Amino acid sequence: MNLLCNAQSIQYLYKMEIERVPVSVYTEMTPNPAVMKFVSNKRMIELEHVEYHNIEEASNSPLAKKLFHFPFVKEVFISSNFVAVQKYNVVEWETVTQEIRQLVLDFLQSGQPVMESNQLHEVEKSSDKITTEENPTGLSEIEERIVDLLEEYVKPAVQQDGGNISFVSYENKVVKVQLQGACSGCPSSTLTLQSGIKSILQRMLPTLIEDVVPV
């Protein structure tokens with residue numbers, strides 16, 4: 001009985017210790033000068049990612065809506081532990097970074113959900129219409145191999161830079177992908193496609209890949 005009580009006490013104290021861990025948010029630059037990452041030690045959403053292009057699209061995300069109240073915010077990309085904010089070229093990051101970081105920190109500390117749970121399935125359905133990577137059904141053997149290579153060699157690096165890459169199609173030795181977040185509209189994204197992703201796919205699938213293009 002004492003052993004059971006001790007075990008329960010330890011479990012309770014461990015839980016309390018976890019709950020006492022303070023929320024922190026720090027910033028990271030991305031290859032896209034228009035995008036800044038705000039990284040948290042607290043999980044933000046259960047989905048892999050979600051992207052908003054305006055405040056109307058952000059109706060299911062209280063955090064994204066707050067961010068769009070800044071007139072310089074162009075797009076918001078939310079992943080499991082960070083939010084990437086893309087700005088219009090009307091302000092410098094030096095003048096607004098701290099304000100955004102504080103907003104994100106205050107929001108997470110308040111305990112509010114980043115996304116309303118009753119609308120998560122709607123986001124999942126809309127995401128399925130855009131990309132096939134999350135549910136790669138009905139793909140050919142080559143397409144499945146391309147998806148696997150993107151997942152293993154490309155996606156982790158792209159996510160580290162505040163973005164995402166999804167397989168769209170493969171036809172006539174040309175791979176089409178969708179770039180999101182910091183990678184979308186990034187000045188270096190074309191170079192990344194040509195020198196990085198294309199090289200990896202051509203090395204792993206010789207004679208089968210001639211080009212990689214964004215859509």
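In this predicted model, Glu48, Glu151 and Lys155 are tied together in a network of salt bridges. Lys155 is the residue to follow here, as it appears in both of the pairs described next. One of its partners is Glu48, and the closest N and O atoms of that salt bridge are 2.8 Å apart. This pair joins distant parts of the chain: Lys155 belongs to helix 5, Glu48 to the loop between strand 2 (35–40) and strand 3 (49–52), and their positions lie 107 residues apart in the numbering. Lys155 also meets Glu151 through a salt bridge, at 3.3 Å from N to O. That second link stays within helix 5, where Lys155 and Glu151 are 4 residues apart, or about one turn of the helix.

How covered are the three members of this network? Lys155 has a relative accessibility of 2%, so it counts as buried, since the cut-off for buried is under 20%. Glu48, at 31%, counts as partly exposed. Glu151 falls into the partly exposed class too, with a relative accessibility of 35%.

What is the full count of salt bridges? It comes to 4. Among them is a salt bridge between the side chains of Glu46 and Arg43, with 3.5 Å from N to O. Glu46 counts as exposed because its relative accessibility is 61%, and the exposed class begins over 50%. Arg43, with a relative accessible area of 47%, is partly exposed.

Back on helix 5, Val154 shows another side of the story. Val154 sits in this helix and is buried, because its relative accessible area is 5%, again under the 20% cut-off. Which residues does Val154 touch, once those up to four places away in sequence are set aside? The list is Leu149, Ile165, Ile197 and Ile200. Take Ile200 as an example: Val154 and Ile200 are 46 residues apart along the chain, and their C-alpha atoms are separated by 8.5 Å.

Helix 5 covers residues 141–160, and Glu144 has its place there. Glu144 is one of the residues that form a negative surface patch, together with Glu141, Asp148 and Glu152. With a relative accessibility of 38%, Glu144 counts as partly exposed. That value lets Glu144 qualify for the patch, because patch residues need over 30% relative accessible area.

Now for the whole chain. The protein chain holds 6 helices and 8 strands. Read from the N terminus on, the order of these elements is α-β-β-β-α-β-β-α-α-α-β-β-α-β. What share of the 215 residues counts as buried? The figure is 41%, and Val154 and Lys155 both belong to the buried class.

Contacts can also be sorted by how far apart the partners sit in the sequence. Among contacts in the protein chain with a separation of 6 or more, 59% are between residues 24 or more positions apart. As for the outside, the protein chain exposes about 12,000 Å², and 53% of that area is supplied by carbon and sulfur atoms.

Conventions: Residues are numbered from 1 along each chain as its sequence is written. This is a predicted model: local features need pLDDT of at least 70, side-chain atom pairs count only at pLDDT 80 or more; totals for chains, interfaces and linings use all residues. Side-chain values use heavy atoms; hydrogens and water are left out. Patches are made of residues with over 30% relative accessible area and no salt bridge: like charges are joined within 9 Å, nonpolar side chains (Val, Leu, Ile, Met, Phe, Trp, Tyr) within 5 Å. Accessible areas come from the Shrake-Rupley method with a 1.4 Å probe; for residues, only the protein chains shown count as cover. Lys and Arg count as positive and Asp and Glu as negative; His and the chain ends are not counted. The place of a charge is taken as NZ of Lys, CZ of Arg, CG of Asp or CD of Glu. Helices (H or I, at least four residues) and strands (E, at least two) are DSSP runs, numbered from the N terminus. Buried means under 20% relative accessible area, exposed over 50%, partly exposed in between (1.4 Å probe, protein chains only). Contact means heavy atoms within 4.5 Å.
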